[in-house]
Each structure stands twice: as structure tokens, then as C-alpha cells.
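Me: I would like to go through a structure with you, starting with its sheet and then turning to the helices and the core. Could you take my questions one at a time?

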Amino acid sequence: TGPACAVLGGAIWVEWHGENMSAVKIEGDIQLPLLMICTGESTRTKEMIERVLALKKEEPEVVSSIIDTIGVIVEEGKKALLAGDLVKLGRLMNLNHGLLSALGVSSPSLDRAVWEARTAGALGAKLSGGGGGGCVVALAMRPEELARRIGERGFECFPANLATEGARVESVEE
């Protein structure tokens, strides 16, 4: 999904159809006051995928139900985003993180960053990317203030605005 975000810019909607992904830009003036919180851990996406697959083999009905519920949360999140309901979007981010943690793709430092963000005033926070380390994305009405508070708690963080424009070619040399 990273390349799709870079190419399209703004908020994008990603859907998977089997092995194929489609991504489209969500039209409209979408403003998301986001904060990225870095844990300092490297991400281990391949390991996280293997972990979920192993858990699904042991508990197929439970894991499938969790994944289906994450899908419902994502759909509801899109509705909240389009309606400008940041409080609901934050609540859904919190629920999503809990389910991702239940699948085993979080880490102690990601969970700590999520809880620090929430207790410092974030509307919601969840791990970003494939999990296993890396970053947390937090939704805050005042991301700069949240960044200061989180920084005081030992995390590197920065406000992250959505790019309004995707990649473009400015000139071509032959």
C-alpha cells in the first residue's frame, strides 16, 4: 500500500480481491490530524504474516472471525472519515489495534506507544504497517501538543499530514 499512497496522494481506499490489491484516492478535502510515533524497533512483516498464519492454522474460526471484524472496522472507519467524525474514527482505531494485538502482530513497545498516546489525549492510536515494531499512528485534535507530550514520555514522534498531491513527473530528460 505504500507505493499507492505515494502515487495517489491524500487519503486512499485499499481493497484486496484475493491476491490483487486495488487502491483509489478518496475524493474531497480530508483533513486528518495524525501523529507518527516511532518505537525504534525494526518491523518484521514476514514474521508477523507467518505468526498470523500459524495462529489461523491452530484456531481457524477465531482468527477468521477477528479478520472479518477488522474488515467491518475498516468499513466503518471509512464512513467515519467521510463524515468527518474523528471521535468515532479514533475509537475504531483503538478497537483495530486491540484485534491486531490479539492476532499477535503487536509488540510491547507498540502497545506502550498506543497507551501513551491514548493517555496523553489521542482520539485513537494503532500500530502502523505490518506490525512487530516500527510505528504507531495516532489521531489527535492537536497533534503538535500530543507530540510534545509523547516526546516527554521517551518516544520520537512527529505530526504527519496527508499529502494532497501524489507523485508527479516534472520533467523528462532524453
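Reply: The conversation below covers the sheet, the core, the helix packing and two individual residues.

Me: Before we start, what kind of model is this?

Reply: It is a predicted model.

Me: What is the strand order in the sheet?

Reply: The sheet is open and has four strands, in the order β4-β5-β3-β6, with antiparallel pairing. Its edge strands are β4 (124-127) and β6 (156-160), each of which pairs on one side only. On average, neighbouring strands are turned by 20° against each other, direction ignored.

Me: How many bridges join β3 to β6?

Reply: Strand β3, residues 34-38, is joined to β6 by five bridges, and the two run antiparallel. Within that pairing, Ile37 stands opposite Cys157, and Cys38 has Glu156 as its bridge partner.

Me: And what about β3 and β5?

Reply: β3 and β5 also pair in the antiparallel sense, over five bridges. Here Ile37 stands opposite Val136 of β5.

Me: Which residue of β5 stands opposite Leu127?

Reply: That is Val136. The strands concerned, β4 and β5, run antiparallel and are joined by four bridges.

Me: Is β3 covered on one face or on both?

Reply: Both faces of β3 are covered: Leu34, Met36 and Cys38 are buried on one side, and Leu35 and Ile37 are buried on the other. Five of its five residues are buried. In general, side chains in a regular strand alternate between the two faces of the sheet.

Me: What about β4, given that it is an edge strand?

Reply: β4 is also covered on both faces, with Gly124 and Lys126 buried on one side and Ala125 and Leu127 buried on the other.

Me: Which helix lies across β4 and β5?

Reply: Helix α4, residues 86-102, lies across β4 and β5 (135-139) and runs at about 35° to β4.

Me: Let us move to the core. Which residues touch the most other members of the largest one?

Reply: The largest nonpolar core has 29 residues, and those touching the most other members are Leu35, Ile37, Ala117, Val136, Ala138, Leu146 and Ile150. The elements giving two or more residues to this core are β3, α2 (45-58), α3 (60-83), α4, α5 (108-119), β4, β5 and α6 (143-152). A second, separate core has 15 residues, including Leu32, Met36, Leu86 and Met93.

Me: What is Ala138 in contact with, beyond its sequence neighbours?

Reply: Leaving aside neighbours within four places in sequence, Ala138 is in contact with Pro33, Leu34, Leu35, Ile37, Met93, Ala117, Ala122, Gly124, Ala125 and Leu146.

Me: Now the helices. At what angle do α3 and α4 pack?

Reply: They pack at about 160°, and their axes are 9 Å apart. That makes α3 roughly antiparallel to α4, since the angle is over 145 degrees. The crossing of α3 and α4 is left-handed.

Me: Which residues meet there?

Reply: From α3, the residues are Ile66, Thr69, Ile70, Ile73, Val74, Glu76, Gly77, Ala80 and Leu81. They meet Lys88, Leu89, Leu92, Leu95, Asn96, Leu99, Leu100 and Ala102 in α4.

Me: How do α4 and α5 cross?

Reply: The axes of α4 and α5 cross at roughly 160° and come within 12 Å. These two helices are therefore roughly antiparallel to each other, and α4 passes α5 in a left-handed crossing. Asn94, His97 and Ser101 of α4 make the contact with Asp111, Val114 and Arg118 of α5.

Me: Back to Glu156 for a moment: is this residue buried or exposed?

Reply: Glu156, which lies in strand β6, counts as exposed because its relative accessibility is 58%, and the cut-off is over 50%. Not counting neighbours within four places in sequence, Glu156 is in contact with Met36, Ile37 and Cys38. Its C-alpha atom is separated by 12 Å from that of Val137, which is 19 residues apart along the chain.

Me: And Met48, buried or exposed?

Reply: Met48 is buried, with a relative accessible area of 1%. Met48 lies in helix α2 and touches Gly104, Val105, Gly130, Gly131 and Gly132, not counting residues up to four places away in sequence.

Me: What separates the C-alpha atoms of Met48 and Val105?

Reply: They are separated by 5.5 Å, although the two residues are 57 residues apart along the chain.

Note on methods:
Residues numbered from 1 in each chain as written. Predicted model: local features only at pLDDT ≥ 70, side-chain atom pairs only at ≥ 80, totals over all residues. Heavy atoms only, no water. Pairing = 2+ DSSP bridges. Axes fitted to C-alpha atoms, helices over the stretch in contact; angles between N-to-C directions. Contact = heavy atoms within 4.5 Å. Core = buried A, V, L, I, M, F, W, Y, C linked by side-chain atoms within 4.5 Å. Buried < 20%, exposed > 50% of the residue type's maximum accessible area, 1.4 Å probe, protein only. Parallel < 35°, antiparallel > 145°, perpendicular 65-115°, else oblique. Left-handed = near helix turned anticlockwise from the far one by under 90°.
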